Amino acid sequence: MQPLILASSSPYRRELLSRLQLPFNVLSPDIDETPYTDEQPEQTALRLAQAKACKIAETHPDALIIGCDQVATLDGLQLGKPITHDNAVRQLSLMRGRSVVFHSALCLYNAANQQMQADVVPYTVTFRDLSDQQIENYLRKEQPYQCAGSAKSEGLGIAVIAAMEGNDPNALIGLPLIRLIDMLSHQGVDVI
């Protein structure tokens, strides 16, 4: 099997990929993740997932490379990683009682033959109508400042969520495994 590389710095994506029980390495691509002017959220996520895979391919021309990115949107407004506590408070306050769409982009790039498969898998999350104190309590305990939308469903963030809807719950965490298994199969990699 070709070397499999996850182009990501996310420990959550690493954990998800390990569920497939395939040998893989992890490399963090260094790319500019700034959205382009007038770029739709799905386009941003897809472009960044592809750019991450291509960046790793520059130094690993024989590998199968998985690139991922996620952009969260509320009524067309892109919600990025909050980075700071104050930004996370603003995001969660804006989202309380409302639905947010997480656009999880996935790219599998075969650097050896330049075949690229890419897709965006949406996942919708409705947030609870949280009080200011509940938002503060959650953020102090979880500190999800590197997560789009300021919440991690795989942790205490499940307490801020009222409902979830989508075809692959892994997409919410940032790596749509169901779609990835299909892509790997098209490259001759069988998971089971």
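Ser 150 lies in the loop between helix 4 and strand 7, which spans residues 161–166. The model is predicted. Phi of Ser 150 is near 65°, a positive value in a residue other than glycine. Is Ser 150 buried or exposed? Ser 150 is buried, and its relative accessible area is 0%.

A second residue of this kind is Ile 83. Ile 83 is not a glycine, yet its phi is positive, at about 70°. Ile 83 also sits in a loop, here between strand 4 and helix 3. The surroundings can be read from the accessible area. For Ile 83 the relative value is 49%. Buried requires a value under 20%, and exposed requires one over 50%. Ile 83 is therefore partly exposed.

From this loop the chain leads on to helix 3. Helix 3 covers residues 85–95. Which of its residues are buried? They are His 85, Ala 88, Gln 91, Leu 92 and Met 95. These residues cover an arc of only 120° around the axis, so they lie on the same side of helix 3. What do they pack against? Four strands are among the partners: strand 3 (64–74), strand 4 (77–79), strand 5 (99–110) and strand 6 (115–127). Helix 4 (132–142) is a further partner of the buried residues. Just after helix 3 comes Gly 97, with a positive phi of about 75°.

Strand 3 deserves a closer look. Ala 72 lies in this strand. Ala 72 is buried, with a relative accessible area of 0%. Which residues does Ala 72 touch, once neighbours within four places in sequence are set aside? Its contacts are Leu 77, Gln 78, Leu 79, Val 100, Val 101, Phe 102, Ala 148 and Gly 149. Leu 77, Gln 78 and Leu 79 belong to the stretch of strand 4 (77–79). Val 100, Val 101 and Phe 102 fall within strand 5 (99–110). Leu 17 is another matter. Along the chain, Leu 17 and Ala 72 are 55 residues apart. Their C-alpha atoms are separated by 21 Å.

The last stop is towards the start of the chain. Strand 1 covers residues 4–7, and helix 1 covers residues 11–18. Ser 10 is found in the loop between them. Is Ser 10 buried or exposed? Its relative accessible area is 15%, and buried means under 20%, so Ser 10 is buried. The side chain of Ser 10 has a partner in Arg 13. This side chain reaches the backbone nitrogen of Arg 13 at 3.1 Å.

Notes: Residues numbered from 1 in each chain as written. Predicted model: local features only at pLDDT ≥ 70, side-chain atom pairs only at ≥ 80, totals over all residues. Heavy atoms only, no water. Buried < 20%, exposed > 50% of the residue type's maximum accessible area, 1.4 Å probe, protein only. Helix = DSSP H or I, 4+ residues; strand = E, 2+ residues; numbered from the N terminus. Arc of directions from axis to C-beta. Contact = heavy atoms within 4.5 Å. Polar contact = N/O pair within 3.5 Å; in protein donor to acceptor, adjacent residues only side chain to side chain.
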